[in-house]
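Q: Hi! I've got a new structure open and I'd like to talk it through with you. Can you help me find my way around?

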Amino acid sequence: MEFQKDFIWGAASSAYQIEGYSQLDGGGACIWDTFCRRPGAIADGGDGSVACDAYHRFQEDLDILFQLNIRHYRFSTSWARVDPMGDGNWNAGGLRYYDRLVDACLDRGITPWVTLYHWELPQAIEDQGGWLRLETAQAFGRFASMMAKHFQGRVHHYFTLNEPQIVLSLGHALGLHAPGRQYGLPQLVQCWKHLMLAHGLAARAIREADSTAQVGLASTGRLCWPHSPEDREASTNAAFAMPDEDWMFTHPCGLDAACFGHVDPEGPRLAERMSDITPQEWEIMHAVPDMIGVNSYNGHEIAAGPDGKPVYLPRYPGFPRTALKWPITPEIMEYGYEDLYRRYGLPLYVTECGLSCNDHIFLDGKVHDPDRIDFLTRYLEALRRGTERADIRGFFHWSLTDNFEWHSGYGERFGLVYVDYPTQRRILKDSAFWYARIAAGGR
C-alpha cells in the first residue's frame, strides 16, 4: 500500500461531538444544545454537554496524535463558542480555547486543518430564522473573516462548510438533526442558497484576510462504481444526477455552485425554484475552492440499462455492513474519486472515512477492532488505485476518538481511540497502532 511520499495522513473531529461545555467561558448555545433536549431526538437521550471533554483534555488527545505519528488534525471551531449571539461580538474565552488548541498542535508539529462550520449554528441565529435568512450567510462571512485574521500565520488550511448536503437533508428536510426542521422544497432551496452564499462570502473573507490560506469545502453525496467496464458512463451519470426526489444528497448540490457558478438540476420542480436565483447571487456562490474535501463512507453499484440509463443494482443478502448497518463499499474510493476529479479538476482530500464498530474493552484491558483494520485496508487499497487517475492528496480518518454521534448518541464508536465515557479514559485501539504504521509509510 504505497502512496506518494507527500501524501497527508490525518485524523478528524468536530467541536460539538468532542468538546463538551459549550457555554463555558462565555460561549453560547448552539442548535445542538437545544435539539438534544427534544424528547426522543437522540437515540440514548444523550447530549454533547460533556462529550469527550476535549475542552479540558485536548492536550492528551494531541499527545496521542503525536504518539501515532499523525501530523495533521482536522477539527472544527464552534461558531457559537466564539460568536455566542452571531452578531460579531466575539467571546474572548472561546478564542482563547482555540488559541490553546492551535498552538498545542503547532508545538507538536501537527498541522491544524480548521472547519469553520460543522453544524454548530448559534441558537441565537436560529431563533431569528437560521439558514432561511440571508443575514445568516452574512454573519458567517463575518465570522470567517475574523477567524482568518486571528489565526493568520498559524492556520493555513480552512474548510468553510462541512457537508451542506446533510445540513439540508437531515437538519431541514427530515428533522433528524438539529434544528429538527421538516421544510418543503421552497424553504429548502432558500436554505441551500444561503449555505452556498455563506461559502462564497467566507471563502472571499478568508482570502482577503490571508492570501496564503488554502480554502476548501467538505462535501458528501452519492458515490458510485460500475458493475463492469461497459457500465462506467452510467455509473458517472448516476453519481451526479439531481432528480427532485434526491437532489440534496449529491455532490453537485454542494459543489456545482461553488465550482461552476451554476447548478443544473434534472428535477423540474427544483429547476423552477433555482431559476429565481439572481446572477449576482450565483456570482457570490461562485468561489472556487483550492481543494475539495470528500466525506466517504459507502455508495452504489451501477449498471447500464437497455436504454443506457443507470440502474442501481440491489445488494445481495448478507452484504457486508458496519455496526451502524451502513454498507461496506470500498470501490467508491477508486471510481467515485475519479468521477469527482474529472468533473471539478481540483485536488481532493478524504476529509472523513471510517466505520462504527461494536468496540469494547477486552479482558486484557485492550480494545481489539479487526473489523476496522479490515475496512481501512480495503478502502485505502482502493484509494491507492484511485490516486493513479485522480489528484488525491490526503486521508483524514473519521474519527480520532469515539464521540457523540449526533442523533445516534453514544452508541456508535468511530474512533481510533476508545473513550470510556464514565471515566473519560482514552484507550488506543488496535486500529490506532495499525494506522500509525500506515502513516509512517509501511505496515
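Q: Which residues have the most contacts inside the largest nonpolar core?
A: Happy to help! This is a predicted model, so every value here is computed from it. The largest nonpolar core has 140 residues, and those with the most contacts inside it are W32, Y117, W192, W247, L383 and F395. Helix α9, residues 185-209, gives the most to this core, with 13 residues.

Q: And what does W247 touch?
A: Leaving out residues up to four places away in sequence, W247 touches L168, L185, L188, V189, W192, M242, C253, L270 and M274. Apart from that core lies another one, of twelve residues, including I8, A218, Y297 and Y349. As background, nonpolar side chains tend to be buried together in soluble globular proteins.

Q: Okay, on to the strands. Which ones make up the closed barrel?
A: Eight strands form the closed barrel, in the order β1-β2-β3-β4-β5-β7-β10-β11, and the pairing is parallel. On average, neighbouring strands of this sheet are turned by 25° against each other, ignoring direction.

Q: How many bridges are there between β1 and β11?
A: Five bridges pair strand β1 (residues 8-12) with strand β11 (residues 392-398), in the parallel sense. One spot to look at is I8, which stands opposite G394 in β11. I8 is also among the residues of the twelve-residue core.

Q: What about β7, is that strand enclosed or open?
A: Strand β7 covers residues 291-295, and five of its five residues are buried, so it is largely enclosed by the rest of the structure.

Q: Which way do the residues of β7 point?
A: M291, G293 and N295 point one way, while I292 and V294 point the other way, and all are buried. That fits a general pattern: in a regular strand the side chains alternate between the two faces of the sheet.

Q: And which strands does β7 pair with?
A: On one side there is strand β5 (residues 214-219), which runs parallel to β7 and is joined to it by four bridges. Here G216 stands opposite M291. Strand β10 (residues 348-352) also pairs with β7 in the parallel sense, again over four bridges. In that pair, I292 stands opposite L348.

Q: Where do helices come in?
A: Take helix α5, residues 92-107: it lies across β2 (72-76) and β3 (111-117), running at about 170° to β2. Helix α7, residues 134-150, lies across β3 and β4 (157-162), and its angle to β3 is about 160°.

Q: New topic: where is E19, and is E19 buried or exposed?
A: You'll find E19 in the loop between α1 (15-18) and α2 (31-35). E19 counts as buried because its relative accessibility is 3%, and the cut-off for buried is under 20%.

Q: What does the side chain of E19 make polar contacts with?
A: One polar contact goes to the side chain of R81, at 2.8 Å. Another, also of 2.8 Å, joins the side chains of E19 and Y98. Beyond residues up to four places away in sequence, E19 touches several others, among them V50, D53, Y55 and S76.

Q: Is anything antiparallel in here, or is it all parallel?
A: Strands β12 (residues 417-420) and β13 (residues 425-428) run antiparallel and are joined by four bridges. D420 has R425 in β13 as its bridge partner. The hairpin has four residues between the strands.

Q: What about Q424 in that hairpin?
A: Q424 has a positive phi of about 65° although it is not a glycine. Most residues other than glycine have a negative phi. Q424 is buried, with a relative accessible area of 7%.

Q: Which other residue has a positive phi?
A: D25 does, with phi near 60°. D25 sits in the loop between α1 and α2. At 40% relative accessibility, D25 counts as partly exposed.

Q: Last one: where are cis peptide bonds found?
A: One runs from A178 to P179, with omega near 10°. P179 is in the loop between α8 (164-173) and α9. Another cis peptide bond joins W398 and S399, with omega about 5°, and S399 lies in the loop between β11 and β12.

Key:
Residues are numbered from 1 along each chain as its sequence is written. This is a predicted model: local features need pLDDT of at least 70, side-chain atom pairs count only at pLDDT 80 or more; totals for chains, interfaces and linings use all residues. Side-chain values use heavy atoms; hydrogens and water are left out. A nonpolar core is a set of buried Ala, Val, Leu, Ile, Met, Phe, Trp, Tyr and Cys residues joined through side-chain atoms within 4.5 Å. Buried means under 20% relative accessible area, exposed over 50%, partly exposed in between (1.4 Å probe, protein chains only). Helices (H or I, at least four residues) and strands (E, at least two) are DSSP runs, numbered from the N terminus. Contact means heavy atoms within 4.5 Å. Two strands pair if DSSP finds at least two bridges between them. A polar contact is a pair of N or O atoms within 3.5 Å; within protein, one must be able to donate a hydrogen and the other to accept it, and residues adjacent in sequence count only if both atoms are side-chain atoms. Axes are lines fitted to C-alpha atoms, for helices over the stretch in contact, and angles run from 0 to 180 degrees between N-to-C directions.
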